[in-house]
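Please open the structure in your viewer and keep the selection tool at hand, since each stop on this tour begins with something to select.

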Amino acid sequence: MGTKNSNSSENGVVHLVDDLLNRAIRGRGSDVHFEPGEREMRVRYRIDGLLHDLDRIPGQLAENVIARLKVLAGLLTYRIDIPQEGAFNSRQIEGANGEPLDLRVATFPTVRGERAVVRLLHTVGQISGLEELGLDQSLVTEFERAARQPQGLILVTGPAGSGKSTTLYAIARYILSEDPGRSVVSLEDPVEQRIAGMTQIQIAPHGELNYPRAMRSLLRQDVQVLLVGEIRDAETAHVVVEASLTGHLIMSTMHSGDPAETIVRLLEMGIAPYQLVSALNVVCAQRLVRTVCPACKGRGECEPCAGTGYAGRTACGQLAAMDETLRQAILDHRPVGELRKIVNRQRPDLTTDGKRLVDAGRTTLDELRRVLGDVE
Ligand SMILES: [Zn+2]
């Protein structure tokens with residue numbers, strides 16, 4: 001192959017990748033998937049939590065497209081047999097307008113060649129305050145009350161992509177604005193948003209700096225408020241509970257269902273009931289639902305919503321606060337069903353709270369069903 005030829009095809013791939021990324025950025029995409037197939041590479045992007053087709057690329061270009069992404073992210077182009085992770089900035093993309101944003105690239109070898117996912121970390125349109133999340137005002141008030149305490153545990157739960165870290169960031173911002181004198185530190189994997197006034201530390205889950213180890217050393221450094229990205233195992237759960245019983249305010253997330261289920265999971269991880277009732281302040285299960293596109297009123301006929309009828313997302317949730325009834329039920333080792341009844345007497349469950357958004361015309365019953373499953 002002549003030098004001239006190979007240069008022009010290289011340029012072609014550079015333009016192609018720039019164009020795909022620009023289209024995803026303009027379309028408010030959060031992730032772009034490059035998936036090698038039999039004859040072609042499928043490119044899809046995620047808008048408001050759902051994947052949509054972006055383009056299809058001839059199979060013979062697939063390798064070069066992945067190689068271009070690897071060059072941008074500073075990865076080893078000649079290693080196609082191992083997963084790699086890297087990052088770059090949108091300033092490196094030709095024709096990228098607007099606010100610069102960070103892009104994270106993760107590659108993975110498959111039987112059809114390497115697959116890559118590019119995560120777009122938008123800063124514009126990010127939610128900053130608790131009242132912007134879409135949660136009912138009574139939940140916001142409970143979060144604020146818990147955040148003003150000198151110690152205790154604030155938990156936000158839900159599946160991946162349910163906006164848990166956005167809620168934690170909003171609570172952190174509230175704490176920093178209410179009392180700038182408090183020292184607030186976060187341990188995250190990965191750091192998703194930069195928050196002014198908060199020391200943010202990136203965790204390496206399989207490396208030296210894992211959650212329990214990082215927490216133990218930080219707690220010796222006079223930290224008052226600690227954001228722990230996720231409680232993934234019993235060891236982290238134990239350190240989190242101990243810390244929130246010894247003068248620290250801890251907020252974290254768990255990958256679990258409703259508040260009652262979360263309480264039972266913590267007990268199953270070996271947290272003693274008497275410790276849990278003293279440590280836990282509030283636990284909120286939350287979900288994100290897409291909101292009806294204001295431009296076409298949900299008909300799905302316009303460009304701003306890419307024909308989906310939805311634009312943007314909002315949160316619904318159920319919060320449980322530790323009160324005397326719940327405390328006694330946990331100490332009495334009551335089963336999950338009984339805990340759930342107690343929590344449901346405190347506040348509406350997820351479905352009922354989701355219907356609040358349907359009634360307000362912010363989302364649809366179909367969307368609520370997609371997120372929560374069976375909804376009457
Ligand atoms: Zn629309």
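Is the crossing of α5 and α6 left-handed or right-handed? Before answering, bear in mind that this is a predicted model, and select residues 211-219 for helix α5 together with residues 234-245 for helix α6. The axes of these two helices come within 9 Å and cross at roughly 20°, and because angles under 35 degrees count as roughly parallel, α5 and α6 are described as roughly parallel to each other. The crossing of α5 and α6 is left-handed.

Now show the side chains where the two helices touch: Y211, P212, M215, R216 and L219 belong to α5, and they meet E235, T236, V239, V240 and A243 of α6. The residues in this contact of α5 with α6 comprise seven nonpolar, one polar and two charged.

Stay on helix α6 and select V241, which has its place there. With a relative accessibility of 1%, V241 counts as buried. Which residues is V241 in contact with, leaving aside its neighbours within four places in sequence? They are I271, Q275 and A279. You may also draw a distance from the C-alpha atom of V241 to that of S278, a residue 37 positions away along the chain, and find a separation of 9.1 Å.

Next, turn to the sheet, which is open and has six strands in the order β3-β2-β1-β6-β5-β4, with antiparallel pairing. Select β3 (50-58) and β4 (84-89), which stand at the edges with a single partner strand each, so that one side of each has no neighbour in the sheet. On average, neighbouring strands of this sheet are turned by 20° against each other, direction ignored.

From the edge strand β4, move to strand β5 (residues 102-110), with which β4 pairs in the antiparallel sense over six bridges; for one such position, select E85, whose bridge partner in β5 is A106. Then add helix α2 (residues 59-72), which lies across β1 (31-36), β2 (40-47), β3, β4, β5 and β6 (113-121), and which runs at about 115° to β3.

For the last stop, select helix α9 (residues 324-331) and helix α10 (residues 336-346), whose axes come within 10 Å and cross at roughly 175°, so that α9 is roughly antiparallel to α10. Their contact is made by T325, L326, A329 and I330 on the α9 side and by L339, I342, V343 and Q346 on the α10 side, and by class it has six nonpolar, two polar and no charged residues.

Notes
Residues are numbered from 1 along each chain as its sequence is written. This is a predicted model: local features need pLDDT of at least 70, side-chain atom pairs count only at pLDDT 80 or more; totals for chains, interfaces and linings use all residues. Side-chain values use heavy atoms; hydrogens and water are left out. Axes are lines fitted to C-alpha atoms, for helices over the stretch in contact, and angles run from 0 to 180 degrees between N-to-C directions. Helices (H or I, at least four residues) and strands (E, at least two) are DSSP runs, numbered from the N terminus. Angles under 35 degrees count as roughly parallel, over 145 as roughly antiparallel, 65 to 115 as roughly perpendicular and the rest as oblique. A crossing is left-handed if the near helix is turned anticlockwise from the far one by less than a right angle, and right-handed if clockwise. Contact means heavy atoms within 4.5 Å. Ala, Val, Leu, Ile, Met, Phe, Trp, Tyr, Cys and Pro count as nonpolar, Asp, Glu, Lys and Arg as charged, and the others, Gly among them, as polar. Two strands pair if DSSP finds at least two bridges between them. Buried means under 20% relative accessible area, exposed over 50%, partly exposed in between (1.4 Å probe, protein chains only).
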